[in-house]
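Please look over the structure below before reading on. The points after it are meant for a reader who has not seen it before.

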Amino acid sequence: MSERDHLFMARALKLARKGLYSTHPNPRVGCVIVQDGRIVGEGWHARAGEPHAEVHALRQAGDKARGATAYVTLEPCSHHGRTPPCADGLIAAGVGRVVAAMQDPNPQVAGNGLRRLAEAGIAVSCGVLESEARALNAGFIKRMEHGLPFVRVKLAMSLDGRTAMASGESQWITGPSARAEVQRLRAQASVVLSGADTLLADDARLTVRPDELGLGAELTALAQRRPPLRVLVDGRLRVPLSKAFFQVGPALVATCAAATARDRYLAEGHELLAVPGSNGHVDLRKLLLELAARGVNEVLVEAGPRLAGAFARAGLVDEYRIFMAPKLLGSSARPLLELPLNRMAEAPQLKILDIRAVGDDWQVTAVPERLP
């Protein structure tokens with residue numbers, strides 16, 4: 001692959017990132033069409049059911065697409081869904097070459113799009129900036145390949161690793177810049193998930209506050225049109241329907257409790273989902289499988305140490321986003337996770353991907369080290 005291929009694919013990936021907050025359940029995709037070293041058309045996928053990135057780029061390129069090279073961050077689709085196959089659109093436009101960052105993990109495509117292009121006499125390449133493309137759609141890929149969503153656990157702590165005072169007081173550990181970053185994480189997620197302990201202690205709403213996103217008018221408007229589903233894990237139905245969480249829009253409550261309460265929740269505009277579990281605790285893996293079956297790509301867990309620790313103990317966490325504030329809460333304050341360990345050998349190993357300042361706080365992005 002040439003340096004030019006990398007340059008134009010980087011542009012396509014930048015376009016794809018504009019769909020970070022709005023494409024669910026579809027992947028984020030960007031497309032750039034190049035003729036004689038010049039970009040003649042470009043586009044990105046904004047929302048499910050609307051034209052794909054290739055369609056926007058081809059419309060902009062018009063007749064200049066004939067004989068051109070199309071750079072696409074994901075293999076062009078080859079099946080009829082809510083929109084026609086993009087592979088057919090590229091063939092009809094007469095492009096001479098298609099460069100894809102990665103093969104589509106969707107079994108309905110999975111190489112068929114590239115094969116159809118090649119059979120039409122179009123030169124095909126795949127694998128340019130693939131790792132960047134995979135990172136952009138980690139949730140979509142995991143859902144397609146494993147039937148589970150990507151789980152990101154957000155945590156906020158003091159320098160001494162505490163999340164709340166012994167009384168439960170926790171607002172606010174971090175400053176406004178960190179809280180704005182959390183709003184963007186919420187807007188990016190398909191689902192924002194919390195537990196009964198958090199809602200009872202903080203009366204949290206878990207909504208996206210548009211005025212804190214800082215995304216600009218276009219992306220903020222798209223994010224508002226596709227708010228994340230708010231999910232409450234409440235095995236014993238301890239959170240009353242009078243709480244603020246239930247007053248700001250529809251929610252899904254995952255519970256082990258008897259389904260006889262379903263009509264009561266439905267009457268208030270919410271869904272009660274019965275999930276198997278034990279001792280009043282929802283089986284989190286089974287809940288994630290159900291969410292993935294509904295098209296959920298990414299889950300943001302904003303919960304207290306008990307539920308966050310349960311996700312960690314079950315090996316269900318793909319990424320931690322830890323916001324660290326420059327303050328000390330003391331030894332009697334609550335820990336980051338309920339993760340009982342007896343020996344150093346039991347300590348989960350994390351790989352730190354990024355550390356950056358966010359206002360007066362620090363954001364640490366870390367992932368569990370997977371065994372080979």
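**Notes on the model**

1. Tryptophan 362 is partly exposed, because its relative accessibility is 43% and the partly exposed class lies between 20% and 50%. This tryptophan sits in strand 18, which covers residues 361-368. Together with Ile352 and Ile355, Trp362 makes up a nonpolar surface patch whose combined accessible area is about 320 Å².

2. This is a predicted model. The mean pLDDT over the chain is 91, and 96% of the residues reach at least 70. Confidence is lowest in strand 7 (residues 162-164), with a mean of 79, and highest in strand 14 (residues 298-301), at 98.

3. Nonpolar side chains tend to be buried together in soluble globular proteins. Here the largest nonpolar core holds 49 residues, and Met9 and Ile33 have the most contacts inside it. Helix 1 (residues 3-16) supplies the largest share of this core, six residues. A second, separate core has 33 residues, including Val275, Leu284, Val296 and Leu316.

4. What does isoleucine 33 touch, leaving aside residues up to four places away in sequence? Its contacts include Arg38, Ile39, Val40 and Gly41, and also Ala57, Leu58 and Ala61. Further along the chain, isoleucine 33 touches Ala65, Ala68, Thr69 and Ala70.

5. Side chains of opposite charge can pair when their charged atoms come close. The count of salt bridges is 22. One of them joins aspartate 88 and arginine 116, at 2.8 Å from N to O. Aspartate 88 belongs to helix 3 (residues 86-93) and arginine 116 to helix 4 (residues 112-119), so the pair links distant parts of the chain, 28 residues apart. Aspartate 88 is partly exposed at 32% relative accessible area, and arginine 116 is partly exposed at 30%.

6. Is the salt bridge between glutamate 298 and arginine 152 made by buried or exposed residues? Glutamate 298 is buried, with 5% relative accessibility, and arginine 152 is buried, with 9%. Their closest N and O atoms are 3.6 Å apart. The pair links strand 14, where glutamate 298 lies, to strand 6 (residues 150-158), where arginine 152 lies, across 146 residues. Both residues belong to a network of salt bridges that also links Arg28, Glu319 and Arg321.

7. Lysine 243 and aspartate 203 form a salt bridge with closest N and O atoms 3.9 Å apart. Lysine 243 is in the loop between strand 9 and strand 10, while aspartate 203 is in the loop between helix 8 and helix 9. The two residues are 40 residues apart. Aspartate 203 is partly exposed, at 32% relative accessibility.

Definitions and conventions
Residues are numbered from 1 along each chain as its sequence is written. This is a predicted model: local features need pLDDT of at least 70, side-chain atom pairs count only at pLDDT 80 or more; totals for chains, interfaces and linings use all residues. Side-chain values use heavy atoms; hydrogens and water are left out. Patches are made of residues with over 30% relative accessible area and no salt bridge: like charges are joined within 9 Å, nonpolar side chains (Val, Leu, Ile, Met, Phe, Trp, Tyr) within 5 Å. Accessible areas come from the Shrake-Rupley method with a 1.4 Å probe; for residues, only the protein chains shown count as cover. A salt bridge is a side-chain nitrogen of Lys or Arg within 4 Å of a carboxyl oxygen of Asp or Glu. Helices (H or I, at least four residues) and strands (E, at least two) are DSSP runs, numbered from the N terminus. Buried means under 20% relative accessible area, exposed over 50%, partly exposed in between (1.4 Å probe, protein chains only). A nonpolar core is a set of buried Ala, Val, Leu, Ile, Met, Phe, Trp, Tyr and Cys residues joined through side-chain atoms within 4.5 Å. Contact means heavy atoms within 4.5 Å. pLDDT is the predictor's confidence in each residue, from 0 to 100.
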